[in-house]
Amino acid sequence: MFFLCAISAYAYGQIAKNVSGVIKDAAGEPIIGVNVVLKGDATVGTISDIDGNYSLKIPDKKGILVFSFIGYKTLEKAVPSGIAKLDVILEEDTELLEEVVVVGYGTMKKKDVTGSVSHIGKEIMETKVATNAVDFLKGNIAGVNISVDNNASGGGSIQVRGPASLTASTSPLIVLDGNIYYGNISDINPNDIESMDVLKDASSTAVYGSKGSAGVVMITTKRGTSEKPVINLSAKVGIATLLDIPDLPTPQQYIQRRADYWKTIDYFKPSADQKGLGYYDDPNNLPDGVTQEQWAAYDPSFSGDYVETWLTRLQLANIEIQNYKAGKTVDWRDHVYRSGFRQDYNLSASGKSSRTNYYTSLGYTNNEGYKVGDSFRTVRARVNLDTEITKWLKVGVNAQFADRGNKDVVADTGNADVMSPYGTMYEEDGSLKIYPTDDARIVNPLLSNQVDQKFYKTQTLTSTIYGKLTLPYGLSFQTNFNTRYGWRKQYYYKPDIKPGIVEGGEASRDEYSDYEWVIDNMLKWNYTLAKIHNLDVTLLYSAEKYQFWNTVANNEGFIPSGVLGFHNMNAGINPVTSSNDEAQTGNALLARLNYSLMDRYLLTASVRRDGFSAFGLENPYGTYPAFAFGWRMSEEDFIQKLGFVDNLKLRFSWGENGNRDIGRYAALSRLKVTDAIIGGENIKGVYTNNLANGKLKWERTRAMNLGLDFGLLGNRLSGVLDMYYNKTTDLIVNRSLPTITGFSSVIANLGQVDNKGLELTLTSVNVSIPKKVHWSTTFIYSTNKNTIKHLYGKMVDVKDAEGNVIGEREDDDVQNGWYIGHGIKDIYYYKWTGVWQLGEEEEAKKYGKQPGDPKLLDVDQNGKITEDDKVWLGSRTPRYRMSLRSDLNLFDCLDFSFVLRGEFNFLGEDNLRRNEDNRFFDRSNSIMTEYWTPWNPNNEYARLGANCGNPSVLIFKKRDFVRMQNISLAYTFPKTLLKKFAIENLKVSLNVDNAFVLTKWNYYDPENMGTCPRIWTLGVNVTL
């Protein structure tokens, strides 16, 4: 027995030995999570720890260890017999580190892309705090414009390379993890996003056919990156405050402006009707030569109360007078604006093995906006799972669930601005005072917020299941099945305490659900011939269906009361229900070829045929071809000899795509039901209110793009330059019809809009000292100009000065403000030239004006302002946009970045300067502006209560601005301090969004012409 044991122990010592070591990168830093396995036996393996250490037992004979980790070259190292210590250094895999971009139905290395595709990755995601995925795009991609959203939900609308349609949607298509996504982008948790790519030219978007004319935004979510499980926890808290807005008058200015209003009116009355000197002035501050006794004598029934008499002359309400005398004022803005508390928490776990990759997350967001009652609450969850069943079969699922909603009603900020500072917020019993100044025209700005009841809830479940077969000879076949379920409940109750609401109150219940599915079948072939010809072929068949069901119930006059609100809809006396169910279907065929010769000459060609149920019976299908060429000039000998050129690629593309977002039944004649009383009975009638158009077809955009990608001086300076020209024809518009037809218009394909522009992105590495300083900057410039080339085809005569017909031209659409040869948002209107002054009474009278009223340019000097006096003033759309991003890293632990963004050469309406009569200076408040008076005239601001009609006066001013979009400061703790706590990474950060705006524009925010928030966020990110 002893002999057998000894033999066994000896054999074991010969069979197994312990090998350990440290794994580092080229800079000498340890690498965590490196997979170490014995070649030929995957069951023998381990993973390096936080210090790069590994240890495993292998047979005591010469073996080979395989070291692998994402971003590094796989290393095979022989372990001679008797060796127990083996340290290794892994080299970065430059091929893997090359930027990879997501294109339609696949991915490509940036160097192989022939179209115009912009990419943002972790350099943006890790420094920007986002509530909505759209927030990542602001100021970071040339040609992509994001509107300002002032709600707690964040985000905003997206526009790529300008508007290409007059009536159809101009929002880009969203593609999530390779699958078309029709859901709300708010349901995508920004913390789950790995990267975003924007397809901008027709050759890259044509693979999506009728859906891609407005561009495509590709969103890729995270996957596991290490065989060691990674747990990440992030927590962010912050506040949202109101960015600067125009001031309201102080209580003293409010009274003074009221006095000046009446004094100006009195000034222009006949002398016999004018009040006495100082009549509207403060009795304690009268003009020279006027005593209080004289002032009081202006009113024979003077009560002896000077203040009350004065304020009565100014027509203040009694409650205002009493509050003035008591020194009581209300800052209404303090009650409708606040510092909204924001919180966002996310937990994720990810990892991978040799066959399985997983990522799962759960996020909770609860944001208060800067307006009282504005909130955004959501729970978002995601599971990404990919498994290699065999070497030839891979399956996976991407699923996300979102639950969002709120119960709050936003306070009326508009009423807060027009409310008198001498109003009263509450009644004596503590209840909200409905009319703070006893003026039935203006209700308390908190009324709806306090008494209305609201319930809003939206839930969505989106999932994609796929299976991929890997076949011989570079072939693969993949099927994606994508489904989305959506549910929305929107309930509202208005109690009868509100003005105009019937006794018992009013309630509504809106129930909505939708469902869609999309199936994609893709056959791909990737093959290399003679080591220089690379072919990548994609064939696709896709089918889809979407439908929704919507029911709305309304009732009022609830009995015995409305205490149950929308919870008891049958208790009302006037029930009304309506329903609407809609459906649409589509299908598509696609063929695409990517060809590369010597990794130098690139060709992409594709053709897609789309079918969609919304179009006319004669044109349900559209075909969209595209091609693109690329020349990697930096691979040529004559370029390489220059020495300073690292990358140089010339690109040209041409393609067609369409726009199908016109309405599901736009081409059909729809029936309406009406009620009629005949013979005392209610009879239902059916009629059609529109004409069908069986020939309706897709809007079609033909686009060309010329681009240049470059990298110089060791890629210290790199950039992308694109020039494009897009022509959209067969615009879908409502064509006017003669009234004799019984219809006012019919939907038809008419017109053409062109877009042309230039985009430039320059990135420079200013300082790069390993482990000490890395500073880079990115400058983005873009310009876009759209032009309406054709509209309805109706020709009108062109006449000379004598009225003789000298030709024809296509007629404009004046009602919509669309003019041939000009941009969609170009401004053709009367030019404001100043203010009529004293001494110009007779001239002003010709135009129905008086001194203090706005003055318009009379182009033909005929003493009348007519259509002939309109001139081209500019555009509401910026002519060019710029942004500057700076990223600074110090000692691999301190990061500072900012994004500065600006828009230039565009106009907006600054109508506060009009001081028009519908601002009701005699009874309400409004934003403080300067104003013209006979004793203090100016040429920039009209008199209080000015006549701004016949024709309506619009004052346009420049809206140019520069905005500090984002500032971020972050500190990453050294790993040596964290390893004792088993923490892989710990980072704290401070972000400020919308820190400030530099502009000469005076009317709210220059970008959205409304209010917007400044957001401060403190974040902690922990990786275990």
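## Starting at Thr-972

Which residues does Thr-972 touch, not counting residues up to four places away in sequence? The list is Cys-893, Asp-895, Asn-985, Leu-986 and Lys-987. Keep in mind while looking around that this is a predicted model.

Thr-972 sits in strand 48, which covers residues 961–972. Its relative accessible area is 15%. Buried means under 20%, so Thr-972 counts as buried.

## The five-stranded sheet

Now for a sheet that's easy to trace by strand number. This one is open, has 5 strands in the order 10-15-16-13-14, and its pairing is mixed. At the edges you'll find strand 10 (117–120) and strand 14 (179–181), each of which pairs on one side only. On average, and ignoring direction, neighbouring strands here are turned by 25° against each other.

Take one pair from the middle of that order: strand 13 (residues 173–176) runs parallel to strand 16 (residues 216–221), with 4 bridges between them. One of the matched positions is Leu-173, whose bridge partner in strand 16 is Val-216.

## Leu-199 and its surroundings

Val-216 turns up again when you look at Leu-199. The two are 17 residues apart in sequence, yet 5.1 Å separates them in space, C-alpha to C-alpha. Leu-199 belongs to strand 15 (residues 193–199), and strand 15 stands between strands 10 and 16 in the sheet order.

Is Leu-199 buried or exposed? Its relative accessibility is 0%, so it counts as buried. Leaving aside neighbours within four places in sequence, its contacts include Val-102, Val-103 and Gly-104, then Ser-116 and Val-117. Ser-204, Thr-205 and Tyr-208 are also in contact with Leu-199, as are Gly-215, Val-216 and Met-218.

## Strand 17 and its two partners

Strand 17 (residues 230–242) is worth tracing from both directions. It pairs with strand 18 (residues 340–352) in the antiparallel sense over 11 bridges. It also pairs with strand 51 (residues 1013–1023), again antiparallel and over 11 bridges.

A residue pair helps to pin down each register. Val-237 has Gln-343 as its bridge partner in strand 18, while Lys-236 stands opposite Gly-1019 in strand 51.

## Strands 34 and 35

Another antiparallel pair is made by strand 34 (residues 732–736) and strand 35, joined by 5 bridges. To find the register, look at Ile-732, which stands opposite Asn-749 in strand 35. Strand 35 spans residues 745–749 and is mostly covered, with 4 of its 5 residues buried.

## Helix 7 against helix 8

Two packed helices are described by the angle between their axes and the distance between the axes. For helix 7 (residues 306–313) and helix 8 (residues 318–326), the axes come within 10 Å and cross at roughly 140°. An angle over 145 degrees would count as roughly antiparallel, so this pair is oblique instead. The crossing is right-handed.

Which residues meet where these helices touch? From helix 7 come Val-307, Glu-308, Trp-310, Leu-311 and Thr-312, and from helix 8 come Ile-321, Gln-322, Tyr-324 and Lys-325. By type, the residues of this contact divide into 5 nonpolar, 2 polar and 2 charged.

## Backbone oddities

Most residues other than glycine have a negative phi, and most peptide bonds are trans. A few spots in this model go the other way. The peptide bond from Ile-559 to Pro-560 is cis, with omega near 0°, and Pro-560 is in the loop between strand 25 (533–556) and strand 26 (576–597). Asn-950 and Pro-951 are also joined by a cis peptide bond, with omega about -5°. Pro-951 is in the loop between strand 46 (907–909) and strand 47 (956–958).

Asn-950 deserves a second look: its phi is near 55°, a positive value in a residue other than glycine. Asn-950 lies in the loop between strand 46 and strand 47, and at 76% relative accessibility it counts as exposed. Phi of Arg-161 is near 55° too, but Arg-161 is buried, with a relative accessible area of 3%. You'll find Arg-161 in the loop between strand 12 (158–160) and strand 13.

Methods:
Residues are numbered from 1 along each chain as its sequence is written. This is a predicted model: local features need pLDDT of at least 70, side-chain atom pairs count only at pLDDT 80 or more; totals for chains, interfaces and linings use all residues. Side-chain values use heavy atoms; hydrogens and water are left out. Buried means under 20% relative accessible area, exposed over 50%, partly exposed in between (1.4 Å probe, protein chains only). Helices (H or I, at least four residues) and strands (E, at least two) are DSSP runs, numbered from the N terminus. Two strands pair if DSSP finds at least two bridges between them. Axes are lines fitted to C-alpha atoms, for helices over the stretch in contact, and angles run from 0 to 180 degrees between N-to-C directions. Angles under 35 degrees count as roughly parallel, over 145 as roughly antiparallel, 65 to 115 as roughly perpendicular and the rest as oblique. A crossing is left-handed if the near helix is turned anticlockwise from the far one by less than a right angle, and right-handed if clockwise. Contact means heavy atoms within 4.5 Å. Ala, Val, Leu, Ile, Met, Phe, Trp, Tyr, Cys and Pro count as nonpolar, Asp, Glu, Lys and Arg as charged, and the others, Gly among them, as polar.
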